[in-house]
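Good morning, everyone, and thank you for making time for this. Please have the sequence and the structure open while I talk, and stop me whenever a term is unclear.

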Amino acid sequence: MTTKSATDLIYTAANAARILGKRFSNLTIQVWFNCVYVWAKGQFSRFVSKAAFKQMFVDFRKAGAKSLTVTTNLFVPNTYTVRNEAKNSAYQVLTTGNAVTCECEDYNAQVQAFKKGVCKHGYAVLNHLGYNSLADYVRA
C-alpha cells in the first residue's frame, strides 16, 4: 500500500466537487497555508478554506456509514462486524476507550497520514453505540 499524506486524503478533486456541489472532471487544486485554491479551466476559480475540506472529509464518511449494517460480536468484547450489502463486503471494527480501529484501507491511510482516524465503518459503529463523533465517544 502506498503511503498517503493528509493532502492526498483531504484536498482532492472529489472533495472539492462535493464542497462546490457540482461534478467537475477537470478540477485543479493548490493547497496553501490556510486555504485551498480550486479551479476548473475556463469555468471558475475559488478559494476554499481548509476547514471546509476537513469537514467535508468527515461528513462524507459519516454519510457513507448510514447504509452499513453493524453486528455486535458476542464472543469478542468491543468487536463489531460492519457490512456493506451493496458491495458485499465486511470489516471488523474494534472499540477501545479512546479509539475505534478498523481493518479497511481508508482507516489505515488515515492513521498513516494523521496518526489517528475514523472511517465510515468506524462511524457506523459509533452511530450504533449512540455517538455522533469520536470525540463524543472518547468523552463518555
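Let me begin with a question about two cysteines: why is there no bond between the sulfur of C119 and the closest cysteine sulfur, in C104? Before I answer, please keep in mind that what you see is a predicted model. A disulfide is a covalent bond between the sulfur atoms of two cysteines. The sulfur of C119 lies 3.6 Å from that of C104, and because a disulfide is counted here only when the two sulfur atoms are within 2.5 Å, this is too far for a bond. The structure as a whole holds zero disulfides, and C104, whose nearest cysteine sulfur is that of C119, is accordingly in none. As for their surroundings, C104 counts as buried, with a relative accessibility of 4%, and C119 is buried as well, at a relative accessible area of 1%.

Let us turn to the sheets, starting with the one built from β1, β2 and β3, which is an open sheet with its three strands in that order and with antiparallel pairing. The strands at its edges are β1 and β3, each of which pairs on one side only. If we ignore direction, neighbouring strands in this sheet are turned by 20 degrees against each other on average.

Looking at the pairs one at a time, β1, which covers residues 27–31, meets β2, residues 35–40, in the antiparallel sense over five bridges, and these two strands form a hairpin with three residues between them. Within this pair you can find I29 standing opposite V38, while L27 has A40 as its bridge partner. On the other side, β2 is joined to β3, residues 44–49, by six bridges, again running antiparallel, and here Y37 stands opposite F47. The hairpin of β2 and β3 also has three residues between its strands, and in this hairpin G42 takes a positive phi near 75 degrees.

Two helices belong in this part of the picture. Helix α2, residues 13–20, lies across β1, β2 and β3 and runs at about 100 degrees to β1, whereas α3 packs on the sheet, touching β1, β2 and β3, with a direction that makes about 80 degrees with that of β3.

Now to the other sheet, an open one of four strands in the order β4-β5-β6-β7, with antiparallel pairing. Its edges are β4 and β7, and because each has a single partner strand, one side of each is left without a neighbour in the sheet. Neighbouring strands are turned here by 30 degrees on average, direction ignored. Between β6, residues 89–95, and β7 there are three bridges, and L94 is the bridge partner of T101 in β7. Helix α5 packs on this sheet, touching β4, β5, β6 and β7, and its direction makes about 115 degrees with that of β5.

Finally, how do α3 and α5 meet? The axes of α3, residues 50–65, and α5, residues 120–128, come within 8 Å and cross at roughly 65 degrees, and the crossing is right-handed. The contact is made by residues including V58 and R61 of α3 and Y123 and A124 of α5. Sorted by class, this contact has four nonpolar, two polar and three charged residues.

Terms used: Residues numbered from 1 in each chain as written. Predicted model: local features only at pLDDT ≥ 70, side-chain atom pairs only at ≥ 80, totals over all residues. Heavy atoms only, no water. Axes fitted to C-alpha atoms, helices over the stretch in contact; angles between N-to-C directions. Left-handed = near helix turned anticlockwise from the far one by under 90°. Contact = heavy atoms within 4.5 Å. Nonpolar A, V, L, I, M, F, W, Y, C, P; charged D, E, K, R; others polar. Pairing = 2+ DSSP bridges. Buried < 20%, exposed > 50% of the residue type's maximum accessible area, 1.4 Å probe, protein only.
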